[in-house]
Amino acid sequence: MASWVIIGNPENRRVQLFQAALHSLGLPHAMLISYEQLLDGSARIDQLPRNAFVRIDSPGENFKVERGLLQRGIEAVRAEGGPCLDAAVLEELSVERGRILHPR
């Protein structure tokens, strides 16, 4: 039987509802890899189980993760000449509902 992996934020309702759906079908919970684990290097995409179904959930609703993803992409955006905030500005930001921060 194939296994499931979810890449997402553990506190997110979509992740929790998906786990509940697996449970209701008598299936084991999915392995959860958080975006924070990917950002800090404690988990890697190339180490996923073979033949697993992978669900990639939205990284939204977690500002720390959003900021980390934006920081991770700064060099690539600058190399392409795209708009971005520099790392120092990102560190000072606070949550502003509705503000779009140049995601890619």
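Which residues is Asp57 in contact with, leaving aside its neighbours within four places in sequence? We will come to that shortly, after a look at the whole chain.

## The overall picture

Welcome to this structure, which is a predicted model. The protein has 104 residues, of which 28% count as buried. Its secondary structure consists of 5 helices and 3 strands, and reading along the sequence gives the pattern β-α-β-α-β-α-α-α. The C-alpha trace spans about 45 × 30 × 20 Å along its principal axes. Among contacts between residues at least 6 apart in sequence, 62% join residues at least 24 apart.

## Asp57 and its surroundings

Now back to the opening question. Asp57 is in contact with Ile7, Gly8, Asn12, Arg14, Val15 and Tyr35, once its neighbours within four places in sequence are set aside. You can find Asp57 in the loop between strand E3 (53–56) and helix H3 (63–72). Asp57 counts as buried because its relative accessibility is 4%, and the cut-off for buried is under 20%.

## Two nonpolar cores

The largest nonpolar core is made up of 8 residues: Val5, Ile7, Ile33, Tyr35, Leu38, Ala43, Leu48 and Val65. Strand E1 (4–8) and helix H2 (35–40) are the elements that give two or more residues to this core. Another core, of 6 residues, lies apart from it, and includes Phe63, Leu70, Leu90 and Leu101.

Val5, a member of the largest core, is a good place to look around. Not counting residues up to four places away in sequence, Val5 touches Ala30, Met31, Ile33, Leu48, Pro49, Ala52, Phe53, Val54 and Arg55. Two of these names, Ile33 and Leu48, also appear in the largest core.

## Aromatic rings and helix H1

The model has 2 aromatic pairs. One of them joins Trp4 and Phe18 edge-to-face, with 5.1 Å from centre to centre and 65° between the planes. This pair links distant parts of the chain, since Trp4 is in strand E1 and Phe18 is in helix H1 (residues 13–24), 14 residues apart. How exposed or buried are the two partners? Trp4 counts as partly exposed at 27% relative accessibility, whereas Phe18 is buried, with a relative accessible area of 16%. Trp4 and Phe18 also belong to one aromatic cluster with Phe53.

Helix H1 holds Leu22 as well. With a relative accessibility of 4%, Leu22 counts as buried. Its contacts, not counting residues up to four places away in sequence, are Trp4, Leu27, Pro28, His29 and Ala30. Trp4 therefore turns up twice here, since it touches Leu22 and pairs with Phe18, and Trp4 itself is partly exposed. For a sense of distance across the model, Leu22 and Pro83 are 61 residues apart in sequence and 40 Å apart in space, C-alpha to C-alpha.

## A pocket and Glu96

What is the volume of the second largest pocket? The value is about 270 Å³. This pocket is lined by 13 residues, and the closest to its centre are Phe63, Glu66, Val95, Glu96 and Arg97. By class, the lining has 4 nonpolar, 4 polar and 5 charged residues. Phe63 is also listed in the core of 6 residues.

Glu96 sits in the segment after helix H5 (87–92). At 43% relative accessibility, Glu96 counts as partly exposed. Glu96 and Gly73 are 23 residues apart in sequence, and their C-alpha atoms are 20 Å apart in space.

## Two residues with positive phi

Most residues other than glycine have a negative phi. Asn51 and Glu61 each have a positive value, as the table shows.

| Residue | Phi | Place | Relative accessibility |
|---|---|---|---|
| Asn51 | near 65° | loop between H2 and E3 | 69%, exposed |
| Glu61 | near 70° | loop between E3 and H3 | 57%, exposed |

Glu61 lies in the loop between E3 and H3, and Asp57 has its place there too. Which of the words buried or exposed fits each of them? Asp57 counts as buried at 4% relative accessibility, while Glu61 counts as exposed at 57%.

Conventions
Residues numbered from 1 in each chain as written. Predicted model: local features only at pLDDT ≥ 70, side-chain atom pairs only at ≥ 80, totals over all residues. Heavy atoms only, no water. 1 Å grid on protein atoms, 1.4 Å probe; cavity = no way out; pocket = protein on both sides within 12 Å on 5 of 7 lines; lining within 4 Å. Points joined across faces, edges and corners; volume = space filled by probe spheres on them. Nonpolar A, V, L, I, M, F, W, Y, C, P; charged D, E, K, R; others polar. Core = buried A, V, L, I, M, F, W, Y, C linked by side-chain atoms within 4.5 Å. Buried < 20%, exposed > 50% of the residue type's maximum accessible area, 1.4 Å probe, protein only. Helix = DSSP H or I, 4+ residues; strand = E, 2+ residues; numbered from the N terminus. Contact = heavy atoms within 4.5 Å. Phe/Tyr/Trp six-rings, centres within 6.5 Å; stacked < 30°, edge-to-face > 60°.
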